[in-house]
Amino acid sequence: MSVTYELIHKDKFTGARAGILHTPHGDFLTPIFMPVGTQATVKTLSPDELEDLGAGIILGNTYHLFLRPTADLIQRAGGLHKFMHWNKGILTDSGGFQVFSLSTIRKITEEGVMFNSHIDGAKKFLSPEISIQTQFKFGSDISMAFDECIPYPADYNYTKNSTARTHRWAERSLNAAAAGQAVFGICQGGMYEDLREESSKFIASLDFAGCAIGGLSVGEPKEIMYKMLEVSTKFLPENKARYLMGVGTPDHLIEGVMRGVDMFDCVFPTRVARNGMAMVSPKTSARGRLVIKNAEFTEDFTPLESDCDCYACKKNFTRAYIRHLVRADEIIGLRLLTLHNLRYLQRFMAAMRQAILDDRFNEFRADFFGA
RNA sequence: GCGGCUCUGGUGAAGUGGUUAACACGUCGGAUUGUGGCUCCGAUAUGCGUGGGUUCGAUUCCCACGAGUCGCC
């Protein structure tokens, strides 16, 4: 198997795990946060900047790249790594999520999903086989199985049927994989404990390189999400990486890690950066965020965070300056916030890992939540 | 000097003799979780150039004054 997980240490008092993910493009310390680079770029940043801030694996998107510039073109370019000039890890989402979130018109059948491109409306088709083959053409280090991300709320029968189909698609995804292609399976089950358990057990039983937990953080109350997360991780194998898809915010990352999750991805840090928000520690701001456009920063000539080593803070770009840039719609403002937010999460993940190694994850968590 | 026209929030502007003066931008807040640099949601004129008058009631009608603008001498 080209991608493997090595468990280094498990926190003595929680389910938190510190490990190493081995991939064709390097070994990466877990728990890890993967910045999202949907269209073969983490918006606003160059690969060098990404590497400098400590990113190890980034997430690319089958749906978007499949439509434009197409998998064949990327293959002719020499693969996604070469095409976008990124030599570290790339995990690609299967496209299942976007078929449901971006396309207004689609039809699900046992075979796959017929949908209209959000770019030009053209009729397109994605199936487990097509998705896996597409990800192979990209040369992704980790390919994701094709699944349906069930919306919230969803009734029991719909959830049960959809999850069962996702399971059949999981087997087909695995069967479609080329030799050496690492594929992660995805658990679903909606917000029903029995279906979550069943899905988790099923995905765990297949020969995937890792297991993902999907369908969470889709609008449900956090108590429900944490409960589902617990049920899902409980039945996943210890010797494979667990990946919680689409999460998240610092509080969710902590809760995920505590329940034994190793990998995360989320648009949050990069998207909110482009909307003028800086993620900061609760010590810097009780809310854990600075809405940099707010008037309170008009004449604030301090950096976003005094103890941050990101490019923006290290060079002492001030809050007042970044506020001005964002208000004036200047690109560098988005870039500085993106650099900061991603660096913030890198340091955050590293701090969690150290806490696990020291068997003091509970203290880390309590400290974060201000207990 | 004479004549015409116009004066509504930070800005551009709708509008009506009768409860809360459209809308847009800006400003001030908020949202954002397997990415549309997209977007969405709140708040924001106790007052309609100033002073009188008519009227049960005037931002709306009338008069005077002021300011701006155009034209003529």
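The largest pocket in this predicted model has a volume of about 790 Å³. Its lining is made up of 33 residues, and those that lie nearest the centre of the pocket are F97, Q98, D265, V267 and R271. Four elements each give two or more residues to this lining, namely strand 5, helix 5, strand 14 and helix 11. Helix 11 supplies the largest share, with 5 residues. Sorted by class, the lining of the largest pocket consists of 13 nonpolar, 14 polar and 6 charged residues.

The second largest pocket holds about 320 Å³ of space. The residues lining this pocket are S281, P282, K283, E305, D307, Y344, R347, F348, A351, F364, D367 and F368. Two elements give two or more residues to the lining, helix 14 and helix 15, the latter spanning residues 361-368. Helix 14 gives the most, with 4 residues. In this second lining, 6 residues are nonpolar, 1 is polar and 5 are charged. As to how such spaces are found, rolling a probe the size of a water molecule over the atoms shows where empty space is left.

The surface near RNA strand B was examined next. RNA strand B is surrounded by 41 residues, of which N61, Q98, V267, T270 and R274 come nearest. Q98 and V267 also belong to the residues nearest the centre of the largest pocket. Among the atoms of RNA strand B within 4 Å of the protein, 60% belong to sugar or phosphate, while the rest belong to bases. The residues of this surface divide by class into 16 nonpolar, 14 polar and 11 charged.

Individual side chains approach RNA strand B at both its bases and its phosphates. In the side chain of D147, an N or O atom is 2.8 Å from a base nitrogen of RNA strand B. The side chain of H252 likewise places an N or O atom 3.2 Å from a base nitrogen of the strand. At R289, by contrast, the partner is a phosphate oxygen of RNA strand B, which lies 3.2 Å from an N or O atom of the side chain. The elements that contribute two or more residues to the surface near RNA strand B are strand 5 (57-61), helix 5 (96-101), strand 14 (263-266), helix 11 (268-274), strand 16 (289-291), helix 13 (319-327) and helix 14 (331-357). Helix 11 gives the most to this surface, with 4 residues; helix 11 also provides the largest share of the lining of the largest pocket.

Helix 10, which covers residues 250-258, is mostly covered, with 9 of its 9 residues buried. The buried residues are P250, D251, H252, L253, I254, E255, G256, V257 and M258. One of them, H252, is the residue whose side chain has an N or O atom 3.2 Å from a base nitrogen of RNA strand B. Just after helix 10, G260 adopts a positive phi of about 95°.

Within helix 10, I254 counts as buried because its relative accessibility is 0%, and buried residues are those under 20%. Leaving out residues up to four places away in sequence, I254 touches F348, M352, F361, F364, R365, F368 and F369. Among these contacts, F348, F364 and F368 also line the second largest pocket. I254 and G139 are 115 residues apart in sequence, and their C-alpha atoms are 31 Å apart in space.

Two further residues were considered in the same way. T92 is placed in strand 6, which comprises residues 89-93. With a relative accessibility of 0%, T92 is therefore classed as buried. The side chains of T92 and Q135 are joined by a polar contact of 2.8 Å. Apart from residues up to four places away in sequence, T92 touches G60, T62, L80, Q135, F138, S140, I142, S143 and M144.

H64 is located in helix 2, formed by residues 62-67. The relative accessibility of H64 is 12%, so H64 also counts as buried, given that the limit is 20%. When neighbours within four places in sequence are left aside, H64 is in contact with T38, Q39, Q98, L102 and H118. Q98, one of these partners, is among the residues that come nearest to RNA strand B. The C-alpha atoms of H64 and R165 are separated by 23 Å, the two residues being 101 residues apart along the chain.

Key:
Residues are numbered from 1 along each chain as its sequence is written. Chains are lettered from A and ligands numbered from 1 in the order in which they are written. This is a predicted model: local features need pLDDT of at least 70, side-chain atom pairs count only at pLDDT 80 or more; totals for chains, interfaces and linings use all residues. Side-chain values use heavy atoms; hydrogens and water are left out. A residue is near a molecule or strand if one of its heavy atoms lies within 4 Å of it. A polar contact is a pair of N or O atoms within 3.5 Å; within protein, one must be able to donate a hydrogen and the other to accept it, and residues adjacent in sequence count only if both atoms are side-chain atoms. Ala, Val, Leu, Ile, Met, Phe, Trp, Tyr, Cys and Pro count as nonpolar, Asp, Glu, Lys and Arg as charged, and the others, Gly among them, as polar. On a 1 Å grid over the protein atoms alone, a cavity is a set of points where a 1.4 Å probe fits but cannot get out, and a pocket is an open set with protein on both sides within 12 Å along at least five of seven lines; lining residues have an atom within 4 Å of a point. Grid points are joined across faces, edges and corners, and a volume is the space filled by probe spheres set on the points. Buried means under 20% relative accessible area, exposed over 50%, partly exposed in between (1.4 Å probe, protein chains only). Contact means heavy atoms within 4.5 Å.
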